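I opened this notebook page to record what I looked up in the structure. The entries follow in the order in which I made them.

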Amino acid sequence: MRRALTLALALLGLPASAMALEPFSAEYTADWQAMPMSGSAERELQKNGDGSWSMKFKASMLVAGIDEQSRFRYDSKAFVPLSYRFERSGMGKSKKVAHDFDWSAKLVTGNDRGTPVKLVLNSGLLDNSTY
């Protein structure tokens, strides 16, 4: 997900028509040489009915998984996050994050690993998917 958005940001020198977001989906598979492990991942960018965009990434390997979702607007060549969800499960430390961006109240609310989050929302702030 980050790679797709990084690519979009890298194209800032191109004309505006070349910077338009386009929906896409991609599937990936990985095998770890001689080890009996394999993994898969899916990435998707879709335009929602309200004009916002959703970027989704889901990966799994053996007994571990990652699920990341970001909903955002793309205004005046800038990403404006609306919500962000991240969950890592399986081997190692599990992690769960949920952030909601309230631009009218200028607040980010939610939780990060069980700890409540309430932050002042400044212009230009991005989530982990849109930075």
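I began with the term on which the loop entries rest: strands are DSSP runs of E of at least two residues, numbered from the N terminus. The model is predicted.

**Entry on Leu62.** I located Leu62 in the loop between strand 3 and strand 4 (64–75). I then asked whether Leu62 is buried or exposed. Leu62 counts as exposed because its relative accessibility is 60%, and the cut-off for exposed is over 50%. I also noted that Leu62 belongs to a nonpolar patch on the surface with Val63 and Met91. Together these residues have about 340 Å² of accessible area.

**Entry on strand pairing.** I looked up the partners of strand 2 (38–47). Strand 1 (residues 24–31) runs antiparallel to strand 2, and eight bridges join them. In this pair, I found Ala26 opposite Arg43 of strand 2. Strand 2 and strand 3 are likewise antiparallel, with nine bridges. Here Glu44 has Lys56 of strand 3 as its bridge partner.

**Entry on the hairpin.** I recorded five residues between the strands in the hairpin of strand 2 and strand 3. Within this hairpin, Gly51 adopts a positive phi near 90 degrees.

**Entry on Ser52.** I placed Ser52 in the loop between strand 2 and strand 3 (53–61). Ser52 is buried because its relative accessible area is 2%, and the cut-off for buried is under 20%. I found its side chain joined to that of Asp50 by a polar contact of 2.6 Å. With neighbours within four places in sequence set aside, I listed contacts of Ser52 with Gln46, Lys47, Arg71, Phe72, Arg73 and Leu82.

Notes: Residues are numbered from 1 along each chain as its sequence is written. This is a predicted model: local features need pLDDT of at least 70, side-chain atom pairs count only at pLDDT 80 or more; totals for chains, interfaces and linings use all residues. Side-chain values use heavy atoms; hydrogens and water are left out. Helices (H or I, at least four residues) and strands (E, at least two) are DSSP runs, numbered from the N terminus. Buried means under 20% relative accessible area, exposed over 50%, partly exposed in between (1.4 Å probe, protein chains only). A polar contact is a pair of N or O atoms within 3.5 Å; within protein, one must be able to donate a hydrogen and the other to accept it, and residues adjacent in sequence count only if both atoms are side-chain atoms. Contact means heavy atoms within 4.5 Å. Two strands pair if DSSP finds at least two bridges between them. Patches are made of residues with over 30% relative accessible area and no salt bridge: like charges are joined within 9 Å, nonpolar side chains (Val, Leu, Ile, Met, Phe, Trp, Tyr) within 5 Å. Accessible areas come from the Shrake-Rupley method with a 1.4 Å probe; for residues, only the protein chains shown count as cover. A salt bridge is a side-chain nitrogen of Lys or Arg within 4 Å of a carboxyl oxygen of Asp or Glu.
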